[in-house]
Amino acid sequence: VVFCLALIGAAVYGVSELSYSPKLLINNVSVVGAKEVPPKLVRVYVETKLNDGTNPILSRQNILLYPRAFLEQSIIKYFPRIKGASISRESMLAQAITVSVEERQPFALWCNLKCYLMDDGGFIFASATALPGKSYMTFCGGFSATSSPIAETFLPKDFANLLELTKRLRQAGFAPKGATADDDKDFSVQFDEG
């Protein structure tokens, strides 16, 4: 029994040491597709997630064992402006990873006392700064704005229907500027005409 336990312990130690071998560790992280979010910030975030200061049995930086799906999801959660992230390597033994990100595009504004950018799914992802040359539909209400609405979704169940309503109003000759959610069932639509 002691011999078997020693053998298992030696095998675990050997695999652990192999996972920390410099030839099998990620040594370069590059970021593509980021414009509004600084690529350096995404790179540092990924590097921090790969090496958080702990020494688990198997290295998180190992090119064969790194938590790709976890990293992709955590990037999306941590950076509200990022809509999608994928991580790839050039080859099986490549020690560099490439993080490809897709940023959310402004579609409309959500305003209370301050305005925020919202994508076409109603997800609020950033404070609105000067947006030269483009006018956006403006939405209000829908949830409490006592704190920052960033990473919240405006009317998650009804936003698509509200957009369809504004589209049909345009087809009927009206010019909707946006809408206010009075409560979870009632909406007010504002028009250019008043």
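# A first look at this structure

Ring pairs link Tyr45, Tyr78 and Phe79 into a cluster. Welcome to a predicted model, where a search of the whole structure turns up eight aromatic pairs and four salt bridges. The notes below go through some of these contacts, then turn to a surface patch and to two residues with a positive phi.

**Aromatic pairs**

- In one of the eight aromatic pairs, tyrosine 45 meets tyrosine 78: the ring centres are 4.5 Å apart and the planes are at 20°, so this pair is stacked.
- Tyrosine 45 belongs to helix α2 and tyrosine 78 to helix α3, so their pairing ties together parts that are 33 residues apart in sequence.
- The two tyrosines sit in contrasting surroundings: tyrosine 45 counts as buried because its relative accessibility is 13%, whereas tyrosine 78, at 53%, counts as exposed.
- Phenylalanine 139 and phenylalanine 159 make an edge-to-face pair, because their ring centres are 5.5 Å apart and their planes are at 70°.
- Phenylalanine 139 is part of strand β7 (residues 137-141) and phenylalanine 159 is part of helix α4 (residues 159-171), so here the pair ties together parts that are 20 residues apart in sequence.
- Phenylalanine 139 and phenylalanine 159 are both buried.

**Around arginine 104**

- You will find arginine 104 in the loop between β3 (96-103) and β4 (108-111).
- Its relative accessibility is 12%, so arginine 104 counts as buried.
- The charged end of arginine 104 sits over the ring of phenylalanine 123, at 3.9 Å from the ring centre.
- Arginine 104 also forms a salt bridge with aspartate 119, and the closest N and O atoms are 2.7 Å apart.
- This salt bridge links distant parts of the chain, 15 residues apart: aspartate 119 is in the loop between β5 (115-118) and β6 (124-127), while arginine 104 is in the loop between β3 and β4.
- Like arginine 104, aspartate 119 is buried.
- The side chains of arginine 104 and aspartate 119 are joined by a polar contact of 2.7 Å as well.

**Salt bridges within helices**

- In helix α3, arginine 68 and glutamate 72 lie four residues apart, about one turn of the helix.
- Their side chains meet in a salt bridge, with an N to O distance of 3.2 Å.
- Arginine 68 has a relative accessible area of 39%, so it is partly exposed, while glutamate 72, with 11%, is buried.
- Glutamate 72 has another notable partner in space: its C-alpha atom is 5.8 Å from that of serine 86, a residue 14 residues apart from it along the chain.
- Helix α4 has a salt bridge too, in which arginine 168 and glutamate 164 bring their closest N and O atoms to 3.0 Å apart.
- Because arginine 168 and glutamate 164 are four residues apart in helix α4, about one helical turn separates them.
- Arginine 168 counts as exposed because its relative accessibility is 55%, and glutamate 164 counts as partly exposed because its value is 31%.

**A nonpolar patch on the surface**

- Ile8, Val12, Val15, Ile57, Leu58, Leu64, Leu65, Met92 and Leu93 form a nonpolar patch on the surface.
- Together, these residues have about 880 Å² of accessible area.
- Isoleucine 57, one of the patch members, is in the loop between α2 (39-50) and α3 (68-78).
- The relative accessible area of isoleucine 57 is 55%, so this residue is exposed.

**Positive phi in the loop between β7 and α4**

- Most residues other than glycine have a negative phi.
- Against that background, alanine 151 has a positive phi, near 80°.
- Leucine 155 is not a glycine either, yet its phi is positive, at about 45°.
- The loop between β7 and α4 holds alanine 151, and leucine 155 is found there as well.
- Buried or exposed is a good thing to check for this second residue: leucine 155 has a relative accessible area of 8%, so it is buried.
- Alanine 151, in turn, has a relative accessible area of 43%, so it is partly exposed.

Notes. Residues are numbered from 1 along each chain as its sequence is written. Side-chain values use heavy atoms; hydrogens and water are left out. Patches are made of residues with over 30% relative accessible area and no salt bridge: like charges are joined within 9 Å, nonpolar side chains (Val, Leu, Ile, Met, Phe, Trp, Tyr) within 5 Å. Accessible areas come from the Shrake-Rupley method with a 1.4 Å probe; for residues, only the protein chains shown count as cover. Helices (H or I, at least four residues) and strands (E, at least two) are DSSP runs, numbered from the N terminus. Buried means under 20% relative accessible area, exposed over 50%, partly exposed in between (1.4 Å probe, protein chains only). Rings of Phe, Tyr and Trp (its six-membered ring) pair if their centres lie within 6.5 Å; planes under 30 degrees apart count as stacked, over 60 as edge-to-face and the rest as tilted. A charge sits over a ring if NZ of Lys or CZ of Arg is within 6 Å of the ring centre and within 35 degrees of the ring normal. A polar contact is a pair of N or O atoms within 3.5 Å; within protein, one must be able to donate a hydrogen and the other to accept it, and residues adjacent in sequence count only if both atoms are side-chain atoms.
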